[in-house]
Amino acid sequence: KVVCSDIPVYHELYDGNVTFCDPARKAAIADALEVVVAQQAISSAEQNAVAAKYSYAKAAETILKQLAL
């Protein structure tokens, strides 16, 4: 599992797959780390779902399409 800053772009990218926290608050970071440690390891199915959603190839394809406009 991963701990990320609680900012909108990370929610858009990783919602449901990471634990968010306020990076300016030490207590929030500690709490998020405790949550992650307490959770079971991410399953292979979850890993595959994230990997299928995001890849360098898909990102490159999207950028090339945008540049063609």
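This briefing walks through selected features of the structure above, grouped by topic.

The model is a predicted one, and the values given here are computed from it. A search of the whole structure finds two aromatic pairs, while the count of salt bridges is one and the count of disulfides is zero. Helix H4, which covers residues 56–68, carries several of the features described below, among them the salt bridge between lysine 65 and glutamate 61.

**Helix H4 and its surface**

- Helix H4 has 13 residues, which at 1.5 Å a residue should span 18 Å, and the C-alpha atoms at its two ends are indeed 18 Å apart, so the expected span and the modelled one agree.
- The number of buried residues among the 13 of H4 is zero, and the helix therefore lies largely in the open.
- Leucine 64 has its place in this helix, and leucine 64 counts as exposed because its relative accessibility is 57%, where the cut-off for exposed is over 50%.
- Together with Ile63 and Leu67, Leu64 forms a nonpolar patch on the surface, and the accessible area of these three residues together is about 340 Å².

**The salt bridge**

- Side chains of opposite charge can pair when their charged atoms come close.
- In this structure, which holds one salt bridge, the side chains of lysine 65 and glutamate 61 are the ones that meet, with a distance of 3.3 Å from N to O.
- Both lysine 65 and glutamate 61 belong to helix H4, where they are four residues apart, which is about one turn of the helix.
- Glutamate 61 has a relative accessible area of 45%, so this residue is classed as partly exposed.

**Aromatic side chains**

- Of the two aromatic pairs found in the whole structure, one is formed by tyrosine 10 and tyrosine 14, whose rings are 5.9 Å apart from centre to centre, with 45° between the planes, an arrangement that counts as tilted.
- These two tyrosines, tyrosine 10 and tyrosine 14, both lie in helix H1 (residues 8–14), and their separation of four residues is about one turn of the helix.
- Tyrosine 10 is partly exposed, because its relative accessible area is 29%, and tyrosine 14 is likewise partly exposed, with a relative accessibility of 30%.
- Tyr54 joins Tyr10 and Tyr14 in one aromatic cluster.

**Cysteines without a bond**

- The structure holds zero disulfides, and for cysteine 4 the reason is distance, because the closest cysteine sulfur, in cysteine 21, is 8.3 Å from its own and thus too far for a bond, given that a disulfide requires sulfur atoms within 2.5 Å.
- Cysteine 21, for its part, is in no disulfide, and the nearest cysteine sulfur to it is that of cysteine 4.
- Cysteine 4 counts as buried because its relative accessibility is 11%, and cysteine 21 counts as buried at 8%, the cut-off for buried being under 20%.

**Positions in sequence and in space**

- Valine 50, a residue of helix H3 (residues 44–53), is 33 residues from asparagine 17 in sequence, and the two are 7.9 Å apart in space when taken from C-alpha to C-alpha.
- The relative accessible area of valine 50 is 25%, so valine 50 is partly exposed.
- Glycine 16 is found in the loop between H1 and strand S2 (19–21), and it is exposed, because its relative accessible area is 62%.
- Between the C-alpha atoms of glycine 16 and lysine 58 there is a separation of 21 Å, with these positions 42 residues apart along the chain counted as their distance apart.
- Leucine 33 lies in helix H2 (residues 26–38) and counts as partly exposed, given its relative accessibility of 45%.
- From leucine 33 to isoleucine 7 the distance is 17 Å in space, C-alpha to C-alpha, and 26 residues in sequence.

Notes: Residues are numbered from 1 along each chain as its sequence is written. This is a predicted model: local features need pLDDT of at least 70, side-chain atom pairs count only at pLDDT 80 or more; totals for chains, interfaces and linings use all residues. Side-chain values use heavy atoms; hydrogens and water are left out. Patches are made of residues with over 30% relative accessible area and no salt bridge: like charges are joined within 9 Å, nonpolar side chains (Val, Leu, Ile, Met, Phe, Trp, Tyr) within 5 Å. Accessible areas come from the Shrake-Rupley method with a 1.4 Å probe; for residues, only the protein chains shown count as cover. A salt bridge is a side-chain nitrogen of Lys or Arg within 4 Å of a carboxyl oxygen of Asp or Glu. Buried means under 20% relative accessible area, exposed over 50%, partly exposed in between (1.4 Å probe, protein chains only). Rings of Phe, Tyr and Trp (its six-membered ring) pair if their centres lie within 6.5 Å; planes under 30 degrees apart count as stacked, over 60 as edge-to-face and the rest as tilted. The expected span of a helix is 1.5 Å times one less than its number of residues.
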